[in-house]
Amino acid sequence: MWRELAPVGRHPDSGGYRRYAWSAADLECRAWFRAQAEARGLTYETDRNGNQWAWLGAPLAGDAVVTGSHLDSVPDGGAFDGPLGVVSSFAALDELRSRGVAFTRPLAVTNFGDEEGARFGLACVGSRLAAGQLTVADAHRLRDADGIALPAAMESAGYDPDTIGPDPERLARIGAFVELHVEQGRALDLTGDPVGIASAIWPHGRWRFDFRGEANHAGTTRLVDRRDPMLTYAETVLAARREAELTGAVATFGKIAVEPNGVNAIPSLVRGWLDSRAADQATLDAVVTGIERAAREYAERAGIDLDVVRESFTPVVEFEHALRDELAKILEGSGDTGRPVPVLGTGAGHDAGILSASVPTAMLFVRNPTGISHSPAEHAAEDDCVAGVRALADVLEGLACS
């Protein structure tokens with residue numbers, strides 16, 4: 001499975017993946033998912049928001065056990081973020097069948113659409129729509145860098161955008177959702193464990209900073225006569241780093257758009273996107289407030305106009321303790337080391353975090369030896385990936401076969 005999926009959407013120059021929502025690469029990933037489902041005799045369906053499902057057993061009992069992740073990527077992302085969870089879900093089902101277990105609850109593997117938000121700027125679109133955390137009106141307003149609206153992108157890919165919206169009936173089928181994911185940090189590498197359990201997802205959000213100055217000639221305009229928004233933006237980037245260090249949070253300006261974007265032109269507009277995350281809400285509020293305050297001080301001093309817009313936000317997610325404890329019990333009972341399974345928090349958002357408001361959710365992490373993620377260098381050792389499959393199979397057996 002890994003070899004089949006690996007070439008899809010991989011850029012020949014960067015070696016990273018560009019599997020953006022509703023693109024040709026995304027459609028190829030979706031076709032791969034459907035083929036895997038049908039090869040296993042699972043009932044395949046796509047829901048009203050474009051999320052894919054592969055069912056074993058009747059999904060109407062309200063106690064189904066669901067596992068899976070996503071197949072899309074960030075720009076030039078790695079091979080493991082998302083796909084490891086989907087591939088491992090199918091592999092775990094294969095493992096359970098080889099054990100000859102008897103399923104007492106329906107089981108499903110899922111691929112949630114547009115988790116990374118690389119194309120339309122909002123993460124977890126598929127799960128947000130299903131959970132009612134993204135309104136239809138707001139979804140219709142989403143545009144990519146070329147001005148293509150989400151409904152138009154879905155329609156061009158052969159999906160009906162008129163059906164999108166909350167899907168409470170489908171979510172009511174789920175008794176537990178378990179997402180396996182490569183760890184996006186080095187906590188497991190430092191403890192020497194191949195697999196861990198998630199405790200919580202930090203609160204996080206995205207803010208757009210629009211710095212407006214005055215376009216002018218780069219070669220003839222005196223420095224003292226310039227209203228250059230790039231300088232104010234640069235000062236704000238440095239302020240973000242300082243505020244993050246002071247509060248123990250993280251803050252990153254990782255995307256920028258410049259107008260008129262000419263080498264010999266002073267910009268009229270610099271638009272930067274801030275991603276910030278922290279262990280608790282108060283800390284996150286403090287770091288973002290500090291960054292905005294510094295930006296406004298710099299802007300006022302330089303004669304730059306500034307608008308700040310919060311484009312998305314996800315509050316802290318505490319995974320359901322009962323389900324988390326059940327996973328720990330299952331894994332500690334099936335292990336041979338005698339050691340408890342590590343429980344760790346994460347600053348990365350996931351579909352499991354979005355769904356946690358609607359259904360009991362939990363996550364498993366597979367060791368990442370370098371901690372690098374959202375990069376072509378993202379990696380997990382094959383032995384650790386196999387350990388992740390076996391751990392997921394043990395969890396699914398404990399939840400769906402007991």
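Which residue's side chain meets that of Arg301 in a salt bridge? The partner is Glu235, with an N to O distance of 3.2 Å. The model described here is predicted.

## Helix 9 and helix 10

Arg301 belongs to helix 10 (residues 281-302) and Glu235 to helix 9, so that the salt bridge links distant parts of the chain, 66 residues apart. Arg301 is exposed, its relative accessible area being 60%. Glu235 has a relative accessibility of 29% and counts as partly exposed.

Helix 9 spans residues 229-247 and lies across strand 7, strand 9 and strand 11 (269-277). Its direction makes an angle of about 170° with strand 9. An angle over 145 degrees counts as roughly antiparallel.

## The four-stranded sheet

Strands 9, 11, 7 and 12 form an open sheet of 4 strands, in the order 9-11-7-12 and with antiparallel pairing. At the edges are strand 9 (250-259) and strand 12 (305-314), each of which pairs on one side only. From one strand to the next, the twist averages 20°.

Strand 7 covers residues 204-212 and is paired with strand 12 in the antiparallel sense, over 9 bridges. One bridge position in this part of the sheet is that of Arg212, whose partner in strand 12 is Asp305.

## Charged residues on the sheet

Asp210 and Arg271 form a salt bridge in which the closest N and O atoms are 2.6 Å apart. Because Asp210 lies in strand 7 and Arg271 in strand 11, the pair ties together parts that are 61 residues apart in sequence. Asp210 is buried, with a relative accessible area of 2%, whereas Arg271 is partly exposed at 21%. The cut-off for buried is under 20% relative accessible area.

Both residues also belong to a network, in which salt bridges that share partners join Arg208, Asp210, Arg212, Arg271 and Glu311. Arg212 thus appears in the network and as the bridge partner of Asp305.

## A salt bridge between two loops

The structure holds 24 salt bridges. One of them joins the side chains of Arg105 and Asp63, at 3.9 Å from N to O. Arg105 is in the loop between helix 3 and strand 4 (107-111), and Asp63 is in the loop between strand 2 (52-56) and strand 3 (64-69), so the pair ties together parts that are 42 residues apart in sequence.

Arg105 is partly exposed, with a relative accessible area of 23%. Asp63 also counts as partly exposed, at 27% relative accessibility.

## Packing of helix 2 and helix 3

Helix 2 (residues 24-39) packs with helix 3 (residues 83-99) at an angle of about 10°, and their axes are 11 Å apart. Angles under 35 degrees count as roughly parallel, and the two helices are therefore roughly parallel to each other.

On the helix 2 side, the contact is made by Trp32, Phe33, Gln36 and Ala37. Helix 3 contributes Val86, Val87 and Phe90. Sorted by class, the residues of this contact are 6 nonpolar and 1 polar, with no charged residues.

Conventions
Residues are numbered from 1 along each chain as its sequence is written. This is a predicted model: local features need pLDDT of at least 70, side-chain atom pairs count only at pLDDT 80 or more; totals for chains, interfaces and linings use all residues. Side-chain values use heavy atoms; hydrogens and water are left out. Two strands pair if DSSP finds at least two bridges between them. Axes are lines fitted to C-alpha atoms, for helices over the stretch in contact, and angles run from 0 to 180 degrees between N-to-C directions. Contact means heavy atoms within 4.5 Å. Angles under 35 degrees count as roughly parallel, over 145 as roughly antiparallel, 65 to 115 as roughly perpendicular and the rest as oblique. Ala, Val, Leu, Ile, Met, Phe, Trp, Tyr, Cys and Pro count as nonpolar, Asp, Glu, Lys and Arg as charged, and the others, Gly among them, as polar. A salt bridge is a side-chain nitrogen of Lys or Arg within 4 Å of a carboxyl oxygen of Asp or Glu. Buried means under 20% relative accessible area, exposed over 50%, partly exposed in between (1.4 Å probe, protein chains only).
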